[in-house]
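These are my notebook entries on one protein model. I set down what I looked up, entry by entry.

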Amino acid sequence: MTPVKAVPSPRKIVVFSGSGVSAESGLPTFREAGGLWRQYAWEEVASPQGWQKHPEVVLEFYNERRRLAADAQPNAAHRAIAELERDFDVVVVTQNVDDLHERAGSTRVLHVHGELVFAKGEHSGLRQRIGAAPIRMGQLCPQGSQLRPDIVWFGESIEHYDEAQAHVASAARLLVVGTSLSVFPAASLVHAAPASADKVLIAPELDGAAPQGFEWLRGKATECVPQVVARWLEAGTTSAGT
Ligand code: OAD
């Protein structure tokens with residue numbers, strides 16, 4: 001992976017997203033009422049221990065997630081984020097495992113918690129694109145190990161962390177949307193932003209305050225993200241906080 005220089009640039013925008021940005025596309029969040037971790041024990045479906053205990057249950061859980069994500073459509077928030085690329089150097093760092101940012105047109109997306117459209121060999125780690133197809137028991141990678149979802153489970157290392165951190169550290173603007181900022185180390189990425197960066201957080205609710213230096217817009221992604229994007233496109237690089 002090419003190292004990213006953490007040199008602040010007025011054209012650089014980083015968007016850090018979580019499940020709330022896809023909520024209005026019909027995909028569930030995790031910790032709210034009705035969220036996935038209110039319906040399923042993460043230990044059973046999103047941990048190496050759960051996989052050892054009952055891989056077929058884990059596959060079923062993620063096959064359902066993959067099916068729902070494939071049927072979902074990007075919403076106005078995903079589309080507005082993609083529009084920023086018209087005038088800015090944009091990197092989307094997402095905790096989401098769906099591909100709605102890409103399908104809305106974003107071209108640089110780092111998935112720190114993995115991607116539903118990929119599978120990997122449980123021992124080999126060899127990745128292959130599977131798209132919307134389910135993974136079945138007995139389906140093997142080219143090196144002969146069982147395919148598992150390409151998802152970062154609890155207790156596993158997140159992906160692209162250093163690269164994501166360098167992007168955040170070089171951003172003139174940081175938009176955080178749809179995340180409770182409660183899963184680490186992903187959530188700590190927001191602290192890598194330069195003090196001078198223009199920092200906006202969008203979520204209807206948070207447990208506690210927004211991180212220091214953030215303007216918190218208490219609202220839904222499809223309403224607030226297009227407003228922030230319009231504001232930034234209008235301002236151009238002139239008011240960027242570097
Ligand atoms: P959470 O469920 O923890 O938080 C969702 C956030 O989205 C909350 O702050 C909500 O207020 C906000 N939200 C809900 N609807 C929204 C909307 N329409 N517009 C904007 N915001 C909205 O989900 P995440 O922060 O994404 O990891 O969770 C982080 C990680 O925890 C996930 O990536 C997942 C999970 O365990 C793994 O599975 C590895």
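**Entry 1: the contact between the domains**

I began with polar contacts, keeping in mind that the model is predicted. Across the interface of domain 1 and domain 2 I found two residue pairs in polar contact, both at pLDDT 80 or more. I then asked which helices supply at least two residues each to the side of domain 1 that touches domain 2. They are helix H1, residues 20–23, and helix H7, residues 100–104. H7 gives three residues, the largest share of that side. Sorting the residues of this side by character, I noted four nonpolar, seven polar and five charged.

I also looked for salt bridges between domain 1 and domain 2, and the count is zero.

**Entry 2: how the protein is divided**

I next looked up the bounds of the two parts. Domain 1 is made of residues 1–26, 74–113 and 158–242, while domain 2 is made of residues 28–71 and 115–151. The contact draws on 16 residues from domain 1 and twelve residues from domain 2. Taken over C-alpha atoms, the centres of the two domains are 26 Å apart.

How much area do domain 1 and domain 2 bury between them? I recorded about 990 Å², with 55% of it on carbon and sulfur atoms. On the side of domain 1, the residues that lose the most area to domain 2 are Ser19, Val97 and Glu159. Together these residues account for 38% of what that side buries.

**Entry 3: the ligand**

I turned to the surroundings of the ligand and listed 24 residues around it. Those that come nearest are Ser19, Phe30, Arg31, Thr179 and Ser180. Ser19 thus appears twice in my notes, since it is also among the residues of domain 1 that lose the most area to domain 2.

I then noted three distances to ligand atoms:

- For Glu24, a polar side-chain atom lies 2.9 Å from a nitrogen atom of the ligand.
- For Trp37, an N or O atom in the side chain is 2.8 Å from an oxygen atom of the ligand.
- For Gln95, a polar backbone atom is 3.2 Å from an oxygen atom of the ligand.

**Entry 4: salt bridges**

How many salt bridges does the structure hold? I noted eleven. I examined the one in which the side chains of Asp71 and Arg67 meet, at 3.8 Å from N to O. Both residues lie in helix H5, residues 55–71, and they are four residues apart, about one turn of the helix.

**Entry 5: backbone geometry**

I closed with the backbone. Most residues other than glycine have a negative phi, and most peptide bonds are trans. I recorded a cis peptide bond between Phe184 and Pro185, with omega about 10°. Pro185 is placed in the loop between strand E7, residues 171–177, and strand E8, residues 198–202.

His160 is not a glycine, yet I noted a positive phi of about 60° for it. I located His160 in the loop between strand E6, residues 147–151, and helix H8, residues 161–169.

Conventions:
Residues are numbered from 1 along each chain as its sequence is written. This is a predicted model: local features need pLDDT of at least 70, side-chain atom pairs count only at pLDDT 80 or more; totals for chains, interfaces and linings use all residues. Side-chain values use heavy atoms; hydrogens and water are left out. Domain bounds come from an automatic or database domain assignment. Contact means heavy atoms within 4.5 Å. Buried area is the accessible area (1.4 Å probe) that two parts lose on being put together, summed over both. A salt bridge is a side-chain nitrogen of Lys or Arg within 4 Å of a carboxyl oxygen of Asp or Glu. A polar contact is a pair of N or O atoms within 3.5 Å; within protein, one must be able to donate a hydrogen and the other to accept it, and residues adjacent in sequence count only if both atoms are side-chain atoms. Ala, Val, Leu, Ile, Met, Phe, Trp, Tyr, Cys and Pro count as nonpolar, Asp, Glu, Lys and Arg as charged, and the others, Gly among them, as polar. A residue is near a molecule or strand if one of its heavy atoms lies within 4 Å of it.
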